[in-house]
Amino acid sequence: MSDPLPESADREEVMARHRKEKKELQCKIQSMKKMKVDKKKKKEIQEEIANLELEIEQRHAEELNRLNLSGPPEPAETAIEAPAAENGEDGNEESKQETRLSKAQRRRDKKAQDNREREEQIKQEAALLQKSSPRVLEDNRINALLLKRGMLSHAVPADGDCLYTAINHQLVQRGIGSYSVPELRRITADYIEANRDTLICYMSHPDTGDMLTEEEFDKYCRQVRATKAWGGEIEIKALSTSLKCPIEVIQAEGPSTVHGVEGEGEERKLVLTYHRHMYRLGEHYNSTKPIPVHSTDED
């Protein structure tokens, strides 16, 4: 929400600023539309554009509404501050001023009412958009799948380390052990490097789609080991095998996937959730936890 407008705020200055902000937003939107991206990213950009347009419309409506309700009187009001005259000519002038005031007041009241109605409409549209957004629909589906298993989602930060943080949460919860993010990244990179000949066939350049060269493969391993590079299926396979823990990934669409070595028991299975729409920057992993059991006092 924007900061309160000062009492001395000038209507023309506010309107000029609104026009400038809308013009700047349109320039930004045009730049976003011209970006060469795949269909998935294009859809995310369209959602972001809709949110930006909705936000600025709502903010402008709020500012105009507060300006009409609490702003200083317009010059037309000051015209009637003079004492009433006793002669007929002055009386006629006073009557004209009152008529002008009445019309001006009606215009202001109508404009304030229009702004309030517009603001309410914007709020309703925003609430409807939020309920039907891909993120909300995805969360609802994942939560329903977890509830059937007696589980809840456990959120982890979206900082590039979400996969490793989620896996460590699972390891601690299962009583298997505790690892820092750098330790898990080192384990992952070591496994990928040791299985170069097997894994490189499944790894491709994100821009060209071509299989990685030897140099690109080495760079990939360095990024896994020492940066905030996001982890995916390759990293899950590496950790599952290295830790000897099956890793199940639950997602909104399609069946869950399980990575791991056959023969490992359910007591070592780690369960994560995969989110495509939780954040605009990209995919995200969360951990899970059992639904708490509340004991009842039978005494």
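User: Buried means under 20% relative accessible area. Are Lys269 and Glu248 buried or exposed?

Analyst: Happy to start there, with the note that this is a predicted model. The two side chains meet in a salt bridge, with N and O 3.4 Å apart. Lys269 lies in the loop between S3 and S4 and Glu248 in strand S2, so the pair ties together parts that are 21 residues apart in sequence. For Lys269 and for Glu248, the word is buried.

User: Which residues are joined into one network by salt bridges that share partners?

Analyst: Let's begin with the total, as the count of salt bridges comes to 15. Some of these share partners, and the network they make consists of Arg17, Glu21, Glu55 and Arg59.

User: Why does the pair of Arg149 and Glu248 tie together separate parts, and how many residues apart are they in sequence?

Analyst: The side chains of Arg149 and Glu248 meet in a salt bridge of 2.7 Å, N to O. Arg149 is in the loop between H5 and S1, while Glu248 is in strand S2, so their bridge ties together parts separated in sequence by 99 residues.

User: What is the relative accessible area of Glu248?

Analyst: A look at both partners of the bridge helps here. Arg149 is partly exposed, with a relative accessible area of 41%. Glu248 falls under the 20% cut-off and is therefore buried, with a value of 5%.

User: Which residue forms a salt bridge with Arg185?

Analyst: Arg185 sits in helix H7, and its partner is 24 residues away, in the loop between S1 and H6. Arg185 is buried, with a relative accessible area of 3%. The partner is buried too, at 7%. With the closest N and O atoms 2.8 Å apart, that partner is Asp161.

User: Is the pair of Trp230 and Tyr285 stacked or edge-to-face?

Analyst: The structure holds two aromatic pairs, and this is one of them. A pair of aromatic rings is described by the distance of the centres and the angle of the planes. For Trp230 and Tyr285, the centres are 5.6 Å apart and the planes are at 20 degrees, so the pair is stacked.

User: Where is Tyr285 in the pair that links distant parts of the chain with Trp230?

Analyst: Trp230 is in the loop between helix H9 and helix H10, 55 residues from Tyr285. Trp230 is partly exposed, with a relative accessible area of 36%, whereas Tyr285 is buried, at 4%. The place of Tyr285 is strand S5, residues 282-290.

User: What are the planes' angle and the kind of pair for the rings of Tyr274 and Tyr285?

Analyst: The ring centres of Tyr274 and Tyr285 are 5.4 Å apart. Tyr274 is in strand S4 and Tyr285 in strand S5, eleven residues apart. Both are buried. The planes are at 45 degrees, so the pair is tilted.

User: Which residues form one aromatic cluster?

Analyst: Tyr285 pairs with Trp230 and also with Tyr274. The cluster is therefore made of the residues in these two pairs. They are Trp230, Tyr274 and Tyr285.

User: Which helix gives the most to the largest nonpolar core?

Analyst: This core has 21 residues, and Leu163, Leu239 and Tyr285 are among those with the most contacts inside it. Helices H6, H7 and H10 and strands S2 and S4 each supply at least two of its residues. With six residues, the helix that gives the most is H6.

User: How many residues are in the second, separate core?

Analyst: In soluble globular proteins, nonpolar side chains tend to be buried together. The second core is separate and includes Ile200, Met203, Leu212 and Ile234. Its residues number ten.

User: What separates the C-alpha atoms of Val156 and Ala166?

Analyst: Val156 is found in the loop between strand S1 and H6, and it is buried, with a relative accessible area of 6%. Beyond its neighbours within four places in sequence, its contacts include Ala166, His284 and Tyr285. Val156 and Ala166 are ten residues apart along the chain, and the separation of their C-alpha atoms is 6.5 Å.

Conventions
Residues numbered from 1 in each chain as written. Predicted model: local features only at pLDDT ≥ 70, side-chain atom pairs only at ≥ 80, totals over all residues. Heavy atoms only, no water. Phe/Tyr/Trp six-rings, centres within 6.5 Å; stacked < 30°, edge-to-face > 60°. Helix = DSSP H or I, 4+ residues; strand = E, 2+ residues; numbered from the N terminus. Buried < 20%, exposed > 50% of the residue type's maximum accessible area, 1.4 Å probe, protein only. Core = buried A, V, L, I, M, F, W, Y, C linked by side-chain atoms within 4.5 Å. Contact = heavy atoms within 4.5 Å. Salt bridge = Lys/Arg side-chain N within 4 Å of Asp/Glu carboxyl O.
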